[in-house]
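Biologist: Before we discuss this structure, could you put it on the screen, and then take me through the reasoning behind each label you use?

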Amino acid sequence: MSPTVNQAPALLSDLDLQTTLRALAKKAANTPLQSRFNLDPNRAATLSGELGPLFVDYAKHHLDTDIITSLCELARQRGLEQQFNALRAGAKLNNTEDRSANYPSLRRWASDGANPSQQDPAIAAMYEAMENLVTAIHSGAHRSSTGKAFTDVVNIGIGGSDFGPRLVCDALANQGLGSLRPHFAANIDPSVMTEILATVPAETTLFVVASKSFGTQETRCNAQAARTWLQASLGREDVSDHFVAVSSKPEAAMAFGIREQYILAVPEWVGGRFSVWSGFGLTVALCAGMNSFCALLKGGYAVDQHVEQQPLEKNIPVILGMLDLWYRNAWGMTSQAVLPYEHHLKLLPIYLQQLFMESAGKSVKADGSPLNNATGGVIWGTEGTNGQHSFHQLLHQGSDAIPCDFIASLSSHNPIGEQHQALLANCFGQSLTLMQGQTAADIEGNLVASGMKADAAAQLAQHKAMPGNRPSTTILMNKLDAESLGALIALYEYRLFAASFVWGINPFDQWGVELGKQISQSLMSTLSGNSDDNNPALDSSTAQLIARYQQAQNN
């Protein structure tokens, strides 16, 4: 039976959406960003707001209140409000897999006002089992096979089972929240496990095998390598005390050899790139503490409340999502830079690459019909101020305008002199320069005033001029902690959902990932030489690459 499409009917056609967006962009482009600030002294206060523990300033965008009203009206006419209601109600918005995507229900569990009678029993049971497992390990009730308390945790997973826990653990690493040291193994490259196993003590290392299906090749291979290493290092066959699993397929984890009482079951509908809110956050709870994990949920819940309660025109994630869509479809902007001026958010751009590019990298709508417009875009970036010495040249003077997100903490966990102040000065200065720019005429005048000859000044000014008028968002938190991080992740999720629902795509599946997995599995026997070298299914290029691999193994 075909899966049911749970999308509200669009009241505005794709063509009308594109026509309206382009007309709106053409009109908006007539007023430079600098002029918008000159025309409206209250602009910054109007186009910014609190979002839980976050402050979001979106004043440096090609926006005014009339444009916001128009974009939000387009969102209404594309059924965005109905889609958000369906999301919260647990409708099967992931129609191609016949699954719900009710991620707000995960975060509701940790809210102060949550009513236990309204909670999903499966979610409550998952968190209760998670808390019990964390307590047992922290208290020493559950120990290694040699009777010692655990000191290290190796999270074995890939994709969403890795990016989320890795991001959160790294973000909270300098806050002294836990005694267990986290390590992460994702890539199937044998160097990854080899190097981790060379640094952790066999007697006191716990492995969290995180796999929704428990069939992911990379995860199973790395878990098997860990077990073989433990057996050899400890001189015993049974090393099951060193393994716990997180999966929606407990029976598969048991078949792998993990004891039933050490398996944390997660609902089937929980998707990988949204799974850090679920039992897949076990490594976070083990290494940063259950309280920190609950604070992460609480931060996300604050954003849930904002999205549910605020009208679209005051709904910060919706406004940012509509900007993403508008810039992509009417301004021709194909990428987005994420620039955290916070060392412990250095993994955020990588996390967001999966969140956005796996979700919005679609060429058909949720009903299977072809898209008539572009979706998604490239997400990239790195921590400030490092990026200023690598790619900011392109941001300021490159031929493409690239919207930027600047993210910063107002205070540091590790203050040294005026270094944090300098960090923020750079952060604020970069967004100001992108917006304001500097004309060749101004630069030429300054050069001449400094004593340079007019001809040389005129020529050099052309190289130094910056067009400005380039949009950015600034997101601030008082100090990076679990609650602020939870709000930040949820903000980006809803921003993605808003754009995706207006585009009409399903942001919850990722079929484009599957074919490559299947083909790699089929090539395993070919690489080992156990199949016909003249396989007609292989093109000459792939056959040549395989032959060179086989030759290298025989040398």
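Modeller: This is a predicted model, and a good place to begin is its largest nonpolar core, which has 138 residues, with Leu63, Phe207, Leu282, Leu286, Trp326 and Leu488 touching the most other members. The element that gives the most to this core is helix H20 (residues 482-503), with 16 residues. Apart from it lies another core, of 15 residues, among them Ala337, Leu339, Ala408 and Leu476.

Biologist: What makes such a set of residues a nonpolar core?

Modeller: The members must be buried residues of certain nonpolar kinds, joined through side-chain atoms within 4.5 Å. In soluble globular proteins, nonpolar side chains tend to be buried together.

Biologist: Which residues does Phe207 touch, not counting residues up to four places away in sequence?

Modeller: With that restriction, Phe207 touches Val154, Ile156, Met193, Leu197, Ala226, Trp229, Leu230, His242, Phe243 and Val244, where a contact requires heavy atoms within 4.5 Å.

Biologist: Why is Ser431 called buried?

Modeller: Buried means under 20% relative accessible area, and because Ser431 has 2% relative accessibility, it counts as buried. Ser431 sits in helix H17 (residues 419-436), and it touches Lys60, Phe406, Ser472 and Thr474, leaving aside residues up to four places away in sequence.

Biologist: What makes the pair formed by the side chain of Ser431 and the backbone oxygen of Phe428 a polar contact?

Modeller: A polar atom of the Ser431 side chain lies 3.0 Å from the backbone oxygen of Phe428, and the cut-off for a pair of N or O atoms is 3.5 Å, so the pair is within it.

Biologist: How do you know which strands stand at the edges of the open sheet?

Modeller: The sheet has 6 strands in the order S1-S2-S11-S10-S8-S9, with mixed pairing. Strand S1 (48-51) and S9 each have a single partner strand, so one side of each is left without a neighbour in the sheet. On average, neighbouring strands of this sheet are turned by 15° against each other, direction ignored.

Biologist: How do you know that S10 and strand S11 (residues 472-477) pair?

Modeller: Pairing requires at least two bridges, and S10 and S11 have 6 bridges, in the parallel sense, so they pair. In S11, Leu476 is the bridge partner of Ala408. Helix H17 lies across S8, S10 and S11, and runs at about 160° to S10.

Technical notes. Residues are numbered from 1 along each chain as its sequence is written. This is a predicted model: local features need pLDDT of at least 70, side-chain atom pairs count only at pLDDT 80 or more; totals for chains, interfaces and linings use all residues. Side-chain values use heavy atoms; hydrogens and water are left out. Buried means under 20% relative accessible area, exposed over 50%, partly exposed in between (1.4 Å probe, protein chains only). Helices (H or I, at least four residues) and strands (E, at least two) are DSSP runs, numbered from the N terminus. A polar contact is a pair of N or O atoms within 3.5 Å; within protein, one must be able to donate a hydrogen and the other to accept it, and residues adjacent in sequence count only if both atoms are side-chain atoms. Axes are lines fitted to C-alpha atoms, for helices over the stretch in contact, and angles run from 0 to 180 degrees between N-to-C directions.
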